[in-house]
Amino acid sequence: MFDFSIVTQWFDNFLRQTLGLGDFWSMLIECVLIGLFTLVAYALIAIVLIFMERKVCAYFQCRLGPMRVGPWGLLQVFADVLKMLIKEIFFVDKADKLLYLLAPFLVLIASVGTFSFLPWNKGASVLDFNVGIFLVTAISSLGVVGVFLAGWGSNNKYSVVSAMRAAVQMISYEMSLCLCLITAVILTGTMQVSGIVDAQTGPFKWLIFQGHIPAFIAFVVFLVAGNAEANRGPFDMAEAESELTAGHHTEYSGMGFGFFYLAEFLNLFVISGIASAVFLGGWAPLNIGIAGIDTLLNYIPGIVWFFAKTFSVVWLLMWIRWTFPRLRIDQILKLEWKYLMPLSLVNIVLMTVVVALGLYIK
C-alpha cells in the first residue's frame, strides 16, 4: 500500500532545503495549498453528490432525471451553481442581520471541518490528531448552532419552528453517533482516525469483522443516526415543505441558501466517510488471508478503496431516503431516545466485555 506521506515529506524538503525557505514560509505555503485542495475537493464532491442524488431519485421513481443540459445532464449542476451565484442576496425585514449572515458560515465551517478529518489514503489525512474522534464530534456540533441561528435570525415563524426541530433532532442523534464511535474506540484502543484505520489492516480486520456483533450493531445505528444528524429523509421533518415551506433556510437566497444546500450534501459524504473509515477499514484493502489475492488487492490505491466504500454507503443512504416515508417529529425522537440510545449504551457494555475477554477476531 502506497504511503502518501512520502510525497508530503518530499515537498516539505523541497521547500526547506532545495528552495531554502524558512519554517514560516514553508508552513504557510503548505497550509495554503492544503486548504485550497480541501476546498476544491469539497466543491467537486458536492457536484458529484448532487448529480448522483438526482439520478438515484429518478431511478427509484422510474424517471430519467437531468437529461437536457449537457450529455446525460452532466452540466445541470454547473448551471444551478451559476444561477445561485448570480441571484441577489437580500435581507428580510426586521431580521437580525448579524445572525442571518453568520448562520450559513457556521454550517459550512462545521461541514468543512469534519470533512478535513477524513483519511483519504495512508499518510494522506489533512487533520489527524490523537483525539481526532473527539474533535470530529465537537466541530460537527457547530452545525447545530448555525441551523438554530438561521431560523432565529430570519424573523420567520416557520423558520423558527424548523430551527427548533432541527436543533433538538441533531442534538439527540449526536448522542447515538458518539456512542457508536466510542464503541470503535474501545475495540481499537485509539481516538486517532488514522490509528483506527491502521488497526483494520490485515485479513478480515475491518471493524465489522473484527468486532462482529457489537461492531455491526454500532455500524447500523451509526448510519441511522448519521442520516438523522444530516437532516435527510426520512428524518427531514425540519424541512417539511407541507408545513414549513423549506425550513430554517426559507428566507435565504443565492449563495446564502447555497451554503446550506452544499453542507447538507457534504454532511452525507462526511457521515459515509466516517462510517467507512471507522467500520469498513477506510483506505485499507479487503484482505482475506490468501497471499496471492491479498497482494493483488494491495496494489489498488488506498484512495480508490476509500471512495468505493464511501460512495457505497452514500448510495445506501440515498436508497433509504427515497424508499421510506417521512417520520413525524415525535416518531423521530421516540426512535432515538427509546430505541437507539438504550441500544447504543448496551452495545458499549457488550463491546467492553468482548474486548476484556478477548472474544474479538485478532
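Is Asn231 buried or exposed? In this predicted model, where local features need pLDDT of at least 70 and side-chain atom pairs count only at pLDDT 80 or more, totals for chains, interfaces and linings use all residues. Residues are numbered from 1 along each chain as its sequence is written, and side-chain values use heavy atoms, with hydrogens and water left out. Asn231 turns out to be buried, because its relative accessible area is 5% (buried means under 20%, exposed over 50% and partly exposed in between, with a 1.4 Å probe and protein chains only). This residue sits in the loop between helix 10 (212-229) and helix 11 (241-244); helices here are DSSP runs of H or I with at least four residues, numbered from the N terminus. Beyond its neighbours within four places in sequence, Asn231 is in contact (heavy atoms within 4.5 Å) with Ala166, Gln169, Met170, Asp236, Ala238 and Glu239.

Two other loop residues invite a look at their backbone. Cys62, in the loop between helix 2 (23-60) and helix 3 (76-86), has a phi near 55 degrees, a positive value in a residue other than glycine. Its relative accessibility is 74%, so Cys62 counts as exposed. Phe204 is likewise not a glycine, and its phi is positive at about 50 degrees. The loop that holds Phe204 runs between helix 8 (193-198) and helix 9 (207-210), and a relative accessibility of 37% is why Phe204 counts as partly exposed.

Helix 7 can be followed from one end to the other. At its N-terminal end Asn156 acts as the cap, with a side-chain oxygen 2.7 Å from the backbone nitrogen of Tyr158 (a polar contact is a pair of N or O atoms within 3.5 Å; within protein, one must be able to donate a hydrogen and the other to accept it, and residues adjacent in sequence count only if both atoms are side-chain atoms). With 32 residues at 1.5 Å a residue, helix 7 should span 46 Å, and this agrees with the 46 Å between its end C-alpha atoms; the expected span is 1.5 Å times one less than the number of residues. After helix 7 comes Gly189, with a positive phi near 80 degrees.

Attention now turns to the spaces inside the protein. Rolling a probe the size of a water molecule over the atoms shows where empty space is left. On a 1 Å grid over the protein atoms alone, a cavity is a set of points where a 1.4 Å probe fits but cannot get out, a pocket is an open set with protein on both sides within 12 Å along at least five of seven lines, and lining residues have an atom within 4 Å of a point. Grid points are joined across faces, edges and corners, and a volume is the space filled by probe spheres set on the points.

The structure holds two cavities of 30 Å³ or more, and the largest contains about 400 Å³ of space. Its lining has 28 residues, of which Ser140, Met170, Glu229, Ala230 and Asn267 are the closest to the centre. Helix 12 provides the largest share of this lining, seven residues. By class, the lining of the largest cavity has 15 nonpolar, nine polar and four charged residues (Ala, Val, Leu, Ile, Met, Phe, Trp, Tyr, Cys and Pro count as nonpolar, Asp, Glu, Lys and Arg as charged, and the others, Gly among them, as polar).

The second largest cavity has a volume of about 50 Å³. Among the residues that line it are Phe117, Ile133, Val193 and Ile274. Helix 12 again gives the most to this lining, with three residues, and the lining of the second largest cavity has nine nonpolar, no polar and no charged residues.

As for the pockets, the largest has a volume of about 690 Å³. It is lined by 22 residues, with Phe4, Thr8, Ile34, Phe37 and Val126 nearest its centre. Helix 2 gives the most to this lining, seven residues, and the classes are 15 nonpolar, five polar and two charged. The second largest pocket has a volume of about 470 Å³; of its 20 lining residues, Tyr261, Glu264, Phe265, Arg321 and Trp322 are the closest to its centre. Helix 2 and helix 12 each supply at least two residues of that lining, which divides into eight nonpolar, three polar and nine charged residues.
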